[in-house]
Amino acid sequence: MPESVPARYDKKGALRIRGRALPTGEEVDLYADGDRWTTDPVPGAELVAEGWLLPGLVDAHTHPGAEEPGAPMSEEVLRDDLRRHAESGVTLIRSPGLADHPPQWFGTDPELPRAVHAGPWFAQQGQFFDGWGRRPSHADLPMLAAAQAASTGWVKLIGDWRPGDPPFPEPVVRAVVDAVHAVGGRVAVHAQNAEGCAVAVAAGVDSLEHGMWLDPLLLDKMAGQGTALTPTLAALTESLEHRRSQPETPRSRWYIGGASAHPALVAAAVEAGVTVLAGTDSRPHGLVAGEIRALAAAGVPAHEALAAGSWAARGYLGLPGLEPGAPADAVVYAEDPRAGLTQLDHPLAVVLRGRRIR
């Protein structure tokens, strides 16, 4: 817990929000006296906002706490990164990989988003950023992954890395999935090559991160077995114009080809029934609204794009939405954000754990 609460955070008691709650658009009138919503009126509750209500935004792929790849975790940087998330309307994050095991206040500090995480990454020798992750033998990996999942609920494998690098072998990933599932955990896999994506899907992982060069023929299998896709679309496509202007190399051809095809792949994934999650991946933090807009620009219907960064992602990570008994998180907008996703940049109020933080 922090020693003091910054003045911008409201420390008052019970509060109230009302309006049309997504995803259904039904009228609701909710009270929070502590960290749970109720429809029972609470005397003296302050009406903080009314309009269109979301159960908070979700960034399902973010790595807060380090200033650059390979850098050590800094608690000061971690707090600042999480504050940016919260002030943008993010009330829940998933960190599939961190520079180190986070401090005890991570995910529980009343001013900062709820969080689930996978601890440090697991990678193969010679792959991933120096200074980040663990690189055990293939034989030891399932046992270590299960121990991690028993502690945090998630583990993250760097399934492949550079073009041409061998991915984790499928039997190894299957063994990790079996061991992690046996302790009630879930497995996320980074993959950006066709072979790495195919291994992850065949092994039955819980979420595929990035998924560049994923074979569209695997989408039905993903949907059927419940493998989610976190495409980090904006992070992969925002540099395309710059990369196309640079001298061509084998690596640039790989990146441009994969990133150029990624928007159509993501739209096809949604159509196939794959759970798609909004995630930003890179710095700066607090930009999940841009990822939601990138999904919509790729052809994902606005309702589904918003779900990927709000109620659907929240449900996937185990939290209910705007209903009695649910954790008291919400973002309130003046208009229906599905009609204009730029609304996401202008919340009237952000409520986290029953407290107004914006």
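Between which strand and which helix does the loop that holds His63 lie? Keep that question in mind while the whole chain is on screen, and bear in mind that the model is predicted.

Begin with the chain as a cartoon, where 11 helices and 14 strands make up the secondary structure. The radius of gyration is 20 Å, close to the 21 Å that the globule rule gives for 358 residues, so the chain is as compact as a globular protein of that length. If you align the view to the principal axes, the C-alpha trace spans about 65 × 40 × 40 Å.

Next, switch on the surface, which amounts to about 14,600 Å² of accessible area, with 51% of it belonging to carbon and sulfur atoms. Colouring by charge brings out 31 positive and 44 negative side chains, two sets whose centres lie 2 Å apart. Beneath the surface, 56% of the 358 residues count as buried.

Now select His63, which sits in the loop between strand 5 (57-59) and helix 1 (75-87). His63 counts as buried because its relative accessibility is 13%, below the 20% cut-off.

Show the side chain of His63 as sticks and add His61, whose side chain is joined to that of His63 by a polar contact of 3.0 Å. Then display the backbone of Gly97, since the side chain of His63 also reaches the backbone oxygen of Gly97, at 2.8 Å.

Finally, widen the selection to the residues that His63 touches, leaving aside those up to four places away in sequence: Pro96, Gly97, Trp121, Lys156, Asp281 and His285.

Methods: Residues are numbered from 1 along each chain as its sequence is written. This is a predicted model: local features need pLDDT of at least 70, side-chain atom pairs count only at pLDDT 80 or more; totals for chains, interfaces and linings use all residues. Side-chain values use heavy atoms; hydrogens and water are left out. Helices (H or I, at least four residues) and strands (E, at least two) are DSSP runs, numbered from the N terminus. The radius of gyration is taken over C-alpha atoms; the globule rule is 2.2 Å times the number of residues to the power 0.38. Buried means under 20% relative accessible area, exposed over 50%, partly exposed in between (1.4 Å probe, protein chains only). Accessible areas come from the Shrake-Rupley method with a 1.4 Å probe; for residues, only the protein chains shown count as cover. Lys and Arg count as positive and Asp and Glu as negative; His and the chain ends are not counted. The place of a charge is taken as NZ of Lys, CZ of Arg, CG of Asp or CD of Glu. A polar contact is a pair of N or O atoms within 3.5 Å; within protein, one must be able to donate a hydrogen and the other to accept it, and residues adjacent in sequence count only if both atoms are side-chain atoms. Contact means heavy atoms within 4.5 Å.
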